[in-house]
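Here is a short walk through this structure, meant to be read with the model open beside you. Shall we begin with a single pair of residues and work outwards from there?

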Amino acid sequence: MESESKYKKIVYLTFPPDVSNKPVVCNLTRLYDLCFNILKAQITPRQDGQMTIEIFGDPQAFEHGMAYLKEHNVKVHPITQKISRDEQTCIHCGMCTALCPTKALAVDTTTRLVVFHPDKCSACGICTNVCPVKAMDVFPENGHN
Ligand code: SF4
Ligand code: SF4
């Protein structure tokens with residue numbers, strides 16, 4: 001289940017023919033408690049496969065899961081992610097500021113409003129999970145999906 005302080009990452013995977021029919025992506029859930037959404041997939045038996053997935057989970061589990069895929073000859077290509085904030089939707093509740101690891105979301109001590117500094121953002125996706133009004137959005141930049 002998607003948890004409040006967990007990473008959301010998008011990765012593009014390529015599979016050699018002998019791996020295309022194995023449940024390596026499903027094993028990310030079974031072995032590492034990672035959840036995933038398949039954004040795009042092209043898997044044909046006995047041919048190279050491609051898949052773009054969005055993964056949710058603990059950052060350390062994510063690293064272990066990616067290592068597991070690589071051990072099984074799956075090539076993992078991180079997709080550059082970009083975070084944006086809908087300024088009209090944000091209600092400045094401050095929930096994201098407590099969890100943002102880079103302080104890209106912080107309270108302005110003068111105005112008491114929550115300010116977003118995109119230059120400090122690591123695109124970890126945590127804020128997109130906690131924002132009650134879905135003002136923060138994550139989207140891929142380098143076009144694999
Ligand atoms: S959690 Fe959402 S609504 Fe609250 S301050 Fe952060 S971006 Fe704005
Ligand atoms: S603003 Fe950026 S660094 Fe901060 S929680 Fe959101 S995605 Fe992560």
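Start by finding Glu 54 and Lys 8, which form a salt bridge in this predicted model; their closest N and O atoms are 3.6 Å apart. Glu 54 sits in strand β3 (residues 49-57) and Lys 8 in strand β1, so the pair ties together parts that are 46 residues apart in sequence. The salt bridges come to two by the rule applied here.

Now zoom out to the whole chain. Four helices and eight strands make up its secondary structure, and if you trace them along the sequence you will read the pattern β-α-β-β-α-β-β-α-β-β-α-β. Along the principal axes, the C-alpha atoms fill a box of roughly 60 × 30 × 20 Å.

The chain is divided into two parts that are worth colouring separately: domain 1 covers 7-78 and domain 2 covers 81-140. Taken over C-alpha atoms, the centres of domain 1 and domain 2 are separated by 28 Å.

How do the two domains meet? Here, five residues of domain 1 are in contact with ten residues of domain 2. Together the domains bury about 620 Å² between them, and carbon and sulfur atoms give 54% of that area. On the side of domain 1, Tyr 7, Lys 8 and Ile 10 supply 80% of the area buried against domain 2, more than any other three residues. You have met Lys 8 already, as the salt-bridge partner of Glu 54.

What kinds of polar link join the domains? There are zero salt bridges between domain 1 and domain 2, while one residue pair is in polar contact, with both residues at pLDDT 80 or more. Strand β1 (residues 7-15) gives the largest share of the side of domain 1 that touches domain 2, namely four residues. Sorted by class, that side of domain 1 has three nonpolar residues, two charged ones and no polar ones.

Finally, turn to the ligands. Ligand 1 is surrounded by Cys 90, Ile 91, His 92, Cys 93, Gly 94, Cys 96, Val 114, Cys 131, Pro 132, Val 133 and Met 136. By class, nine residues of this shell are nonpolar and two are polar, with no charged residues.

Around ligand 2 you will find 14 residues, the closest being Cys 100, Cys 121, Cys 124, Gly 125 and Cys 127. Which classes make up this second shell? Eleven of the residues around ligand 2 are nonpolar and three are polar, and none is charged.

Conventions: Residues are numbered from 1 along each chain as its sequence is written. Chains are lettered from A and ligands numbered from 1 in the order in which they are written. This is a predicted model: local features need pLDDT of at least 70, side-chain atom pairs count only at pLDDT 80 or more; totals for chains, interfaces and linings use all residues. Side-chain values use heavy atoms; hydrogens and water are left out. Domain bounds come from an automatic or database domain assignment. Contact means heavy atoms within 4.5 Å. Buried area is the accessible area (1.4 Å probe) that two parts lose on being put together, summed over both. A salt bridge is a side-chain nitrogen of Lys or Arg within 4 Å of a carboxyl oxygen of Asp or Glu. A polar contact is a pair of N or O atoms within 3.5 Å; within protein, one must be able to donate a hydrogen and the other to accept it, and residues adjacent in sequence count only if both atoms are side-chain atoms. Helices (H or I, at least four residues) and strands (E, at least two) are DSSP runs, numbered from the N terminus. Ala, Val, Leu, Ile, Met, Phe, Trp, Tyr, Cys and Pro count as nonpolar, Asp, Glu, Lys and Arg as charged, and the others, Gly among them, as polar. A residue is near a molecule or strand if one of its heavy atoms lies within 4 Å of it.
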